[in-house]
Structure formats: C-alpha cells, structure tokens
Amino acid sequence: MTDYREMETRLLGAIREDLTEEEFGETALEVWRFQRARNPPYGDYGKALGRAEDLDEWTRIPAVPQGVFKRSELRAFPAEETAAVFRTSGTTGEGYGQHFFRSLALYRASVLAGFRALGLPRLRQIALIATGTEAPHSSLSR
C-alpha cells in the first residue's frame, strides 16, 4: 500500500502535469482509495453512503459535508504528525471546522497551480487580511 509521502509525491507530480480526463479520474480514484483506507471516519462515511465498494467512476467519490469537519478529525496520517491546522471562521456559532495537514506542500502547489491556470492575479491587488502570524489557522492568511 502506498504511504503518505509516496502519495504526496505522486500528487505533486500530477499537479505539475497537464492530466488528461482519464488520468485525472485515475488519480482521483487512487486518492479516494488511499483516504478510505487511512482515514477511518471518511471510510465509515463512505460505507454509510453505500460506497464501501471499489468505485470505477471518480464522480461517485463522496464529498464530505462541511459540518463533518466540525465533528471529526479527518486525516490520513497519525495526529502527532500534524504540521498545520486551518480552521473555518466559526461564524455559524457551532464551533470551528478543522482541516489537518501533515505538510503544506500539496496546499501550496495546488493553490499556485490554480492561480496560474486562471491567469491570476491579472492586476496588482491589495488584500486587507490578517498576516499568517496574526491568523495562523487561516488558509486565506497563509
């Protein structure tokens, strides 16, 4: 079975490549299998939705509702290996949702690739947001 570092390396490569639709689907299914096997709450969620079997179409991968991030610690690595945690704003009054990271390499690579794909920023911008030091749990500030 693929370990976390192998999966991260594979995904960093996929982000740099211009994947075909078929390659994207295969990669998405590979990530789904990895998450299902190594992230027990997500695996249980898939079972509850009747998606415990192996899928053959990436569009059937179950998305996680945002409320689950408030009630479960979703991660595919041991808790002690957490390098960063991003939180939701908590403005609903129901507590914070949390997203745990073992590494920020995939986060950085995917954000930058998305900006490049969209040709962003097109114009010089000023963002009135807290710095990463002032808001360490904010993905926007990061």
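These notes go through the aromatic pairs and two surface patches of a predicted model.

1. Aromatic pairs in general. The model holds seven aromatic pairs, counting rings whose centres lie within 6.5 Å. Two of these pairs are taken up below, followed by a cluster.

2. Tyr-4 and Phe-34. The ring centres of Tyr-4 and Phe-34 are 6.5 Å apart, and the ring planes meet at 55°. A pair counts as stacked under 30 degrees and as edge-to-face over 60. The angle of 55° falls in neither range, so Tyr-4 and Phe-34 make a tilted pair.

3. What the first pair connects. Tyr-4 belongs to helix α1, which covers residues 4-16, while Phe-34 belongs to helix α2. The two residues are 30 apart in sequence, so their pairing ties together separate parts of the chain.

4. Burial of the first pair. Are Tyr-4 and Phe-34 buried or exposed? Tyr-4 has a relative accessible area of 16% and is buried. Phe-34 is buried too, at 6%. Both assignments follow because the limit for a buried residue is under 20%.

5. Tyr-42 and Tyr-45. This pair is also tilted: the ring centres are 6.5 Å apart and the planes are at 35°. Both residues sit in helix α3 (residues 40-48), and because they are three residues apart, about one helical turn separates them. Tyr-42 is buried, with a relative accessible area of 9%. Tyr-45, at 23%, is partly exposed.

6. The cluster. Which residues form one aromatic cluster with Tyr-4? They are Phe-34 and Phe-77. The cluster therefore includes the tilted pair of Tyr-4 and Phe-34 described above.

7. The negative patch. On the surface, Glu-17, Asp-18, Glu-22, Glu-23 and Glu-26 form a negative patch. One of these residues, Glu-26, lies in helix α2, which runs over residues 21-38. Its relative accessibility is 43%, so Glu-26 is classed as partly exposed. A residue needs over 30% relative accessible area to enter a patch, so the 43% of Glu-26 clears that cut-off.

8. The nonpolar patch. Val-111, Phe-115, Leu-118 and Leu-120 make a nonpolar surface patch of about 330 Å². Phe-115 is part of helix α5, residues 105-118. With a relative accessibility of 41%, Phe-115 is partly exposed, whereas Phe-34 in the aromatic pair is buried at 6%.

Conventions: Residues are numbered from 1 along each chain as its sequence is written. This is a predicted model: local features need pLDDT of at least 70, side-chain atom pairs count only at pLDDT 80 or more; totals for chains, interfaces and linings use all residues. Side-chain values use heavy atoms; hydrogens and water are left out. Patches are made of residues with over 30% relative accessible area and no salt bridge: like charges are joined within 9 Å, nonpolar side chains (Val, Leu, Ile, Met, Phe, Trp, Tyr) within 5 Å. Accessible areas come from the Shrake-Rupley method with a 1.4 Å probe; for residues, only the protein chains shown count as cover. A salt bridge is a side-chain nitrogen of Lys or Arg within 4 Å of a carboxyl oxygen of Asp or Glu. Lys and Arg count as positive and Asp and Glu as negative; His and the chain ends are not counted. The place of a charge is taken as NZ of Lys, CZ of Arg, CG of Asp or CD of Glu. Helices (H or I, at least four residues) and strands (E, at least two) are DSSP runs, numbered from the N terminus. Buried means under 20% relative accessible area, exposed over 50%, partly exposed in between (1.4 Å probe, protein chains only). Rings of Phe, Tyr and Trp (its six-membered ring) pair if their centres lie within 6.5 Å; planes under 30 degrees apart count as stacked, over 60 as edge-to-face and the rest as tilted.
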